[in-house]
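Got your viewer open? Here is a short tour, one selection at a time.

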There are 4 protein chains.
Amino acid sequence: MTAKLPVGVIGVLDKATRYLLQLLIAHPRVEVTYVGSPTAISKRLSQSFPTLAMPLKTDWPIEAIDVEAIAARCQIVFLTLPLGQAVTWVPALLEQCRVIDLSADYRFCNLNLYQQCFQIQRQDFSTAVNAVYGLPEFLGEQFSQTRLVACPGSTPTAGLLALVPLLKRGFIDPDRIIITTQRGQSPAVPLPPQWTHHPDAFEIEHISSDLSGIEILLQFIPQTVPQPFGLWVTLCADLRDPGLVTEDLITIYRTSYQAMPWVNVLPAGQPPVFDQILGTNYCHLGIEVDSRTHRILVFAALDPHLKGQAGQAIQCLNLMQGWPETEGLPRFGYA
Amino acid sequence: MTAKLPVGVIGVLDKATRYLLQLLIAHPRVEVTYVGSPTAISKRLSQSFPTLAMPLKTDWPIEAIDVEAIAARCQIVFLTLPLGQAVTWVPALLEQCRVIDLSADYRFCNLNLYQQCFQIQRQDFSTAVNAVYGLPEFLGEQFSQTRLVACPGSTPTAGLLALVPLLKRGFIDPDRIIITTQRGQSPAVPLPPQWTHHPDAFEIEHISSDLSGIEILLQFIPQTVPQPFGLWVTLCADLRDPGLVTEDLITIYRTSYQAMPWVNVLPAGQPPVFDQILGTNYCHLGIEVDSRTHRILVFAALDPHLKGQAGQAIQCLNLMQGWPETEGLPRFGYA
Amino acid sequence: MTAKLPVGVIGVLDKATRYLLQLLIAHPRVEVTYVGSPTAISKRLSQSFPTLAMPLKTDWPIEAIDVEAIAARCQIVFLTLPLGQAVTWVPALLEQCRVIDLSADYRFCNLNLYQQCFQIQRQDFSTAVNAVYGLPEFLGEQFSQTRLVACPGSTPTAGLLALVPLLKRGFIDPDRIIITTQRGQSPAVPLPPQWTHHPDAFEIEHISSDLSGIEILLQFIPQTVPQPFGLWVTLCADLRDPGLVTEDLITIYRTSYQAMPWVNVLPAGQPPVFDQILGTNYCHLGIEVDSRTHRILVFAALDPHLKGQAGQAIQCLNLMQGWPETEGLPRFGYA
Amino acid sequence: MTAKLPVGVIGVLDKATRYLLQLLIAHPRVEVTYVGSPTAISKRLSQSFPTLAMPLKTDWPIEAIDVEAIAARCQIVFLTLPLGQAVTWVPALLEQCRVIDLSADYRFCNLNLYQQCFQIQRQDFSTAVNAVYGLPEFLGEQFSQTRLVACPGSTPTAGLLALVPLLKRGFIDPDRIIITTQRGQSPAVPLPPQWTHHPDAFEIEHISSDLSGIEILLQFIPQTVPQPFGLWVTLCADLRDPGLVTEDLITIYRTSYQAMPWVNVLPAGQPPVFDQILGTNYCHLGIEVDSRTHRILVFAALDPHLKGQAGQAIQCLNLMQGWPETEGLPRFGYA
């Protein structure tokens, strides 16, 4: 039996960090050798994450962020820091280990777009340009060679899985794409402020153009609903060929994702149901052509904490290491 | 003090009937003199609607449907029957009293469209053609002269209040209108079967054309969310004039609804919040122009049991009788 | 027609204040002539309570607290301030008007108990001793003569309505009373800190002893559930007479509350359901004797914002003024 | 590597069967070789359980129940049938394989009690008397020798884990035990019919007496809350020794469960939180002594689908086979 891969996690003490730690602890090929945070140093894991500490029957310290010490103990480091903070640590970390960042900091290889989106000044252009966007279904083959993977947001993950197969084939009008999202949140905020210039919209536009070579102008309508329950994204687009029917499009999507273990294309007439994706790393896609309007509707559903965040980070790790893509990821939920 | 108006209710024993009875009992100008049902005859009100019976400290019988007896006791009869059943009673009732029907049976003055939508054969063409669609904000002035008002569905109510001001002014492309709906339902069904030919879509297309003289082809995406919480409708349309901004459109909507007590147009940047409409008869409209895409987004929210159903029936009653439009309707909720 | 009663509200800008204002605005015999707050002076009502401002189509200022000015404009003042703050204003206000306080500040006529409960020092012993506890079902006949009514908490309201009829008749062992509560709260906190010495427990013990002349030692278990939905209280007590059956106890409760419009005693086998009390001022009581254990279970349910708070304050107002107890209070909900 | 254990499942097509199949499919030492149902023969797994079929990328048939065929293919058979149906198959199955039954059919070794509880006549007294009640924390050492394990109900699991350590030590008055339960259910039914003679109460009384040698008379108050969220049980009992404090009792519970991987006793002042147990096989116990009343409160929380049902069945399987008790069971949830 080979030795386990030593990994570290640098994060604030929120759900993303907790779920990532849970997946890493349960992963059969990984050993967590470091947990650090900019804010909770000297606390112990049990104080911040009782759920984690109980099954472990042990109790780790939350350590300060010392790049040398981390690099001495970890081969891969995950970052779950707030927007703009990964920048502080990633350039130095990359000199000694590989990094999987869950924030938006390295999703835009063009930092001008990042700076415009988030109003944050950055100097690390050369680092950003070498990051690979962590969407395994389209860019997974680049992961084994990269030192820095920038994991997508949960809404862009669902949006891009719905959009890119259409765009690559030139099936739709790139100026008439509408993506509506419903994310569980309590209490619900029907629309975020400045939603017409939402970073998720830019992320989808930027990455889909990179992947397909086609510039799009996206109508993005981000909404929340008053109950935690997963992420539901609806893509609506104008089909160029009015002769295409639902079954044609299902065939296209099945072809696109046939080798992909974590994307399921549902049969005609079956939209996704949350019951089947909550607690798993799956993204489910329902495909419908509206024969009255000649538009395609794609309904994408995923668990925002798993395929939308911590689960996708593990999927990236598996591909970076050349392990099976499903290793250590939940196929079943108990919601 | 003048005598109260005697009214009757014919319905099955569901929430629509209960909420309608609650509003009628609380209405200062109305007296309920008959409650009937095709299914629960000889039961008493307390068995079917304990909520109603308790405050009344009395207990009415649920009577059989005898048109002569009803007409002798009521000047206006409300019907809350399942699809296709109002047809059985309305023609006879109309000979002796006025009728407010809450089902879809008389929403289409063209019965060919009804028959195509619902696959139900009908003979009462002459009755249907004389019904007035019960949307007070657009057709209220016709109510005083009609004997039959056909109350709208809750989704068409929200959709038409969002759509018609744009359509009447020719501001939008009539072939590029998209209406997405989110209605609380437990358990959630993400999409109803045959949703691409949903009766609500036909109802919105049919009535909006009647009201504006413009034919539209509607992209309709009806969705449910896993929690009872109200009805949320999003209209997305292409503005013909790219120079229009959010404030322009808010002015247009405010002008359209300034005399209407039950529609509120919200300030820029304030989408509707359910907290403010649940338990009331209001429809709230949030207006946004997306300056990147030159599209208008209208967010409409209402309580599907009140402005979407029983409350709107009372609003119709008020206008039929020449009473104040707000009489007997709740302005405040306690959700 | 007589002039309306001018009333004022001093409060922080939370739901209690909003619901109280809603009820006052809708009350046919009342006119709100002053709204003040220690914190939001110079804001307007529409900024803090858009729900209120919209139906009013007007916009009041939130004023500073000036006792002279308030007294010049109001005959009765309601206070919805955080714990310990009513004390600052009530003694001065009482010299010129009558006061209905919704906080816990005047619920304990014995201020030693208050000081022990809340660790707050007080000097206004003479004011506190003259307050009447605002539970209309037991103390309503004192309201017309008092200048200060101290409205109960929502849990004590439900608990006392369940408990006092048993205690007054000596039917139960006063040392073996258990009250379990479930209140909707999001996110749920299964138990509040220091729950074994919870102020609600002391409030129930203190008032029930006052009302019955019997000292009790209460086992109090306050719990929350992860969904806003009303307040549910379960009383469990040992019956002294093992021959009593459910119907006997229902008769006792019906006799106790027969003249009370806002308490309903349900038939045997019918526990309260929230559907029937949310949005109303009712408290529903379900009574069961467990024949195996000779214990009585009383299930009390109410809407914590209405009968548990703002609605009860209006009920107190009605009795203070000699008006019908039901005036201006909702009998029906639309949840 | 040794061969996997061939197991079968006979069940109706509900959540219990689905979750059991999920756990079996994910279990590293087990192979599912048969799935049968009395009602859905000739359907395929994908039609009844799409969630299961997708990750498998295969599709099993739902077979008829043929005892010979099952026995030829399985060493252990799980039953998830409605009340009273396991009886039909278990005696014949036991002649050729071992059985884990998830229904109530074999929880009462004394069938007179079963017949009285459920009003179902039975003939298989000799089978019932040999069943072992499947609560691993108390009876796990008997599992390796038995051919029939009868898994507990979810409420009795939580109730017995809270109760038995107290009862065995004689710490509490056996006639003054009160168990209140809150289970998520949509829509909520505040109390089940005939709740004063609820089978769960008899199950707790019967098994706790078996385990401790002490007869108890249980006050049982089963309640539901309007939101799926787990099972919460509150035990309240009179301590015989008034000198015991919270820390003493926590020590007692920790001693009782120190070798048990699936029961966690929480620190003082920390009641269970669902966030930490949903999606896992844990039962969490919070212990509090109320120093005012000298009563002990035990709060037990578990996921009713895992530790309360399918997860516990796997835990039983592990012990029957001599495998680690934690094998194949989730330690972490993603709710």
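What covers the buried residues of α6(C)? Keep in mind that this is a predicted model, then select residues 111–118 of chain C, which make up helix α6. Now add α7 (125–128) and α10 (199–212) of chain C: both are among the elements that cover those buried residues.

**Stop 1: helix α6 of chain C**

Stay on this helix and colour it by accessibility. Six of its eight residues are buried, so the rest of the structure largely encloses α6(C). The ones to pick out are Leu111(C), Leu113(C), Tyr114(C), Gln115(C), Cys117(C) and Phe118(C).

Next, go to the two ends. At the start of α6(C), show Asn110(C) as sticks: one of its side-chain oxygens comes to within 2.9 Å of the backbone nitrogen of Asn112(C). Just past the other end sits Gln119(C), where phi is positive, at about 60 degrees.

**Stop 2: Asn281 of chain C**

Still in chain C, select Asn281(C), in the loop that runs between β10 (263–265) and β11 (283–290). Is this residue buried or exposed? Asn281(C) is buried, since its relative accessible area is 0%, and the cut-off for buried is under 20%.

Which residues does Asn281(C) touch, leaving out those up to four places away in sequence? Bring up Trp262(C), Leu306(C), Lys307(C), Gly311(C), Gln312(C), Gln315(C), Leu329(C) and Pro330(C). Of this group, label Gln315(C): its side chain and that of Asn281(C) are joined by a polar contact of 3.3 Å.

**Stop 3: Cys74 of chain D**

Hop over to chain D and centre on Cys74(D), in the loop between α4 (67–73) and β3 (76–80). Cys74(D) counts as buried, with 4% relative accessibility. Beyond four places in sequence, Cys74(D) touches Pro6(D), Val7(D), Gly8(D), Thr33(D), Tyr34(D) and Cys97(D).

For a sense of scale, draw a C-alpha to C-alpha distance from Cys74(D) to Ala16(D): it comes to 20 Å, across a separation of 58 residues in sequence.

**Stop 4: where chains A and B meet**

Hide the rest and show chain A with chain B. Each chain puts residues into the contact: 36 from chain B and 36 from chain A. About 3,300 Å² is buried between chain B and chain A, with carbon and sulfur atoms giving 58% of that area.

How many salt bridges does the rule find across the interface of chain B and chain A? There are four. For one of them, select Arg176(A) and Asp238(B), whose closest N and O atoms are 2.7 Å apart. Polar contacts across this interface (both residues at pLDDT 80 or more) come to 18 residue pairs.

Now highlight the elements on the chain B side. β7 (177–184), α10 (199–212), β8 (218–225), β9 (231–238), β11 (283–290) and β12 (295–302) of chain B each supply at least two residues to the side that touches chain A. Of these, β8(B) gives the most, with five residues. Colour that side of chain B by residue type and you get 19 nonpolar, nine polar and eight charged.

Finally, superpose chain B on chain A. A rotation of 180 degrees with 0.1 Å of shift along its axis does it, at an RMSD of 0.0 Å. The two copies are therefore related as by a two-fold rotation axis. Also, 100% of the interface residues of chain B are interface residues in chain A too, so the copies meet through the same surface.

Notes: Residues are numbered from 1 along each chain as its sequence is written. Chains are lettered from A and ligands numbered from 1 in the order in which they are written. This is a predicted model: local features need pLDDT of at least 70, side-chain atom pairs count only at pLDDT 80 or more; totals for chains, interfaces and linings use all residues. Side-chain values use heavy atoms; hydrogens and water are left out. Contact means heavy atoms within 4.5 Å. Buried area is the accessible area (1.4 Å probe) that two parts lose on being put together, summed over both. A salt bridge is a side-chain nitrogen of Lys or Arg within 4 Å of a carboxyl oxygen of Asp or Glu. A polar contact is a pair of N or O atoms within 3.5 Å; within protein, one must be able to donate a hydrogen and the other to accept it, and residues adjacent in sequence count only if both atoms are side-chain atoms. Helices (H or I, at least four residues) and strands (E, at least two) are DSSP runs, numbered from the N terminus. Ala, Val, Leu, Ile, Met, Phe, Trp, Tyr, Cys and Pro count as nonpolar, Asp, Glu, Lys and Arg as charged, and the others, Gly among them, as polar. Copies are superposed by least squares on the C-alpha atoms of residues with pLDDT of at least 70 in both. Buried means under 20% relative accessible area, exposed over 50%, partly exposed in between (1.4 Å probe, protein chains only).
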